[in-house]
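Good morning, colleagues. I would like to take a few minutes to go through one protein model with you.

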Amino acid sequence: MSSALPYINPFDDGRSPTEAAAGMDEASSMIDAVFRFERAVTRIGNTRLRPWNMTLSSYTALRILAHQPHLSLAQLSRRCYARPQTMTRMVTQLENRGFVARAAHPESERALSLQVTEAGLAALEEMSNEILKISETLNATLGRGDIVATDGRLRQAALVVENELRDMGRPEE
């Protein structure tokens with residue numbers, strides 16, 4: 001494995017004061033680290049999926065549908081943390097490629113049901129081998145215990161922040 005990338009302080013443009021003077025406390029540093037991690041995973045995921053002309057977001061939607069068939073567009077949008085307009089575009093692209101099919105929803109007259117096709121399942125299996133390499137890298141670097149603990153704490157923190165947003169009377173995006 002290559003050497004670790006250096007930490008890049010988002011406030012440091014070469015002329016900035018030190019971290020303490022910039023007011024970056026531990027929580028702010030964690031937010032920065034989470035954002036950087038999310039961007040890094042997205043970039044490597046998109047790079048690994050380039051041979052299939054897919055993005056990590058589209059792959060995630062396809063994977064969710066494979067495990068939970070008959071979701072509506074709104075349900076899939078919530079599970080992917082995506083705006084409905086974005087999800088509509090994504091599902092249309094997946095449908096045009098033959099990976100997803102729309103049909104009448106078994107529980108609603110108004111909603112359409114989304115389901116992964118055989119071609120979608122085959123592509124998902126191929127792509128999963130590439131995406132699994134990201135997990136293997138994290139497992140080798142951090143170890144299962146650290147990953148489980150961090151996952152639990154980040155999910156707990158997300159709930160706290162989401163509840164704060166609800167308390168403010170603002171819809172989640």
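**A surface patch and a bent helix**

Let me begin with M30, which is located in helix 2. Please keep in mind that we are looking at a predicted model. Is M30 buried or exposed? The answer lies between the two: its relative accessibility is 44%, and because buried requires under 20% and exposed requires over 50%, M30 is classed as partly exposed.

M30 does not stand alone, since I31, V34 and L154 join it in a nonpolar surface patch of about 340 Å². Helix 2, spanning residues 26-49, contributes the largest share of that patch, with 3 residues.

Let me now place this in the overall fold. The protein contains 7 helices and 2 strands, arranged along the sequence as α-α-α-α-α-β-β-α-α. Of its 173 residues, 22% are buried. The exposed surface comes to about 12500 Å², with 55% supplied by carbon and sulfur atoms.

I turn next to helix 6, residues 118-142. Its 25 residues reach 36 Å from the first C-alpha to the last, close to the 36 Å expected. Even so, helix 6 shows a bend of about 30 degrees at S128.

Which residues of helix 6 are buried? They are G120, A123, L124, M127, E130, I131 and I134. On the general point of spacing, an α-helix has 3.6 residues a turn, so positions three or four apart point the same way. The cover over the buried residues of helix 6 includes helix 2, helix 3 and strand 2.

Finally, G143 follows helix 6 and has a positive phi, near 90 degrees. Thank you for your attention.

Key. Residues are numbered from 1 along each chain as its sequence is written. This is a predicted model: local features need pLDDT of at least 70, side-chain atom pairs count only at pLDDT 80 or more; totals for chains, interfaces and linings use all residues. Side-chain values use heavy atoms; hydrogens and water are left out. Helices (H or I, at least four residues) and strands (E, at least two) are DSSP runs, numbered from the N terminus. Buried means under 20% relative accessible area, exposed over 50%, partly exposed in between (1.4 Å probe, protein chains only). Accessible areas come from the Shrake-Rupley method with a 1.4 Å probe; for residues, only the protein chains shown count as cover. Patches are made of residues with over 30% relative accessible area and no salt bridge: like charges are joined within 9 Å, nonpolar side chains (Val, Leu, Ile, Met, Phe, Trp, Tyr) within 5 Å. A salt bridge is a side-chain nitrogen of Lys or Arg within 4 Å of a carboxyl oxygen of Asp or Glu. The expected span of a helix is 1.5 Å times one less than its number of residues. The bend at a residue is the angle between axes fitted to the seven residues ending there and the seven starting there. Contact means heavy atoms within 4.5 Å.
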